Amino acid sequence: MKRLIAVLCLVLTGCAGQVAEPPEPQVVRVEVPVQVPCRTERVQRPVFAVDVLPIGASIAEQMRALRADRLQRKGYELRLEAAVEACR
């Protein structure tokens, strides 16, 4: 038993003298998102048909203006959405 302990001590002291080499440095690529300003043209707000309608306009004129206004707003919203999508 004493011999076994003595042999183990000698083996362990032999291992203690060895120095491990430091690992070689490695280059690591890290991708980080960076904010950049959006470079799209400003979407101009159109003059809507309802905005220029005179106060005393008839119901028929108001309905025509509202239908035209709806189409104008759809086009305007599409241009706004395209500008926002271009910035993504």
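Reader: What makes the disulfide of C38 and C87 left-handed?

Author: This is a predicted model, and in it the torsion about the S-S bond of C38 and C87 is about -55°, so the disulfide is left-handed.

Reader: And how do you know that C38 and C87 are joined by a disulfide?

Author: Two cysteine sulfur atoms count as a disulfide when they lie within 2.5 Å. For C38 and C87 the S to S distance is 1.4 Å, so the pair fits that cut-off. Searching the whole structure turns up 1 disulfide.

Reader: Which parts of the chain does the pair link?

Author: Distant ones: C38 sits in the loop between helix 1 (2–16) and helix 2 (59–86), while C87 is in the segment after helix 2, 49 residues apart.

Reader: Why is C38 called partly exposed?

Author: Partly exposed covers what falls between the buried limit, under 20%, and the exposed limit, over 50%. C38 has a relative accessible area of 37%, so partly exposed is the right label. C87, at 38%, is partly exposed too.

Reader: What about I5: why is that residue counted as partly exposed?

Author: Its relative accessibility is 47%, and the exposed label needs over 50%. So I5 counts as partly exposed. I5 is part of helix 1, and together with M1, L4 and L8 it forms a nonpolar surface patch with about 460 Å² of accessible area.

Reader: How do you know that the span of helix 2 is close to the expected one?

Author: From first C-alpha to last, its 28 residues reach 40 Å, and 40 Å is expected at 1.5 Å a residue.

Reader: Which residues are buried in helix 2?

Author: Those are A65, D69, Y76 and A83.

Note on methods: Residues numbered from 1 in each chain as written. Predicted model: local features only at pLDDT ≥ 70, side-chain atom pairs only at ≥ 80, totals over all residues. Heavy atoms only, no water. Helix = DSSP H or I, 4+ residues; strand = E, 2+ residues; numbered from the N terminus. Buried < 20%, exposed > 50% of the residue type's maximum accessible area, 1.4 Å probe, protein only. Patch = residues over 30% accessible without salt bridge, like charges linked within 9 Å, V, L, I, M, F, W, Y side chains within 5 Å. Areas by Shrake-Rupley, 256 points an atom, 1.4 Å probe, with all protein chains shown as cover. Salt bridge = Lys/Arg side-chain N within 4 Å of Asp/Glu carboxyl O. Expected span 1.5 Å × (residues − 1).
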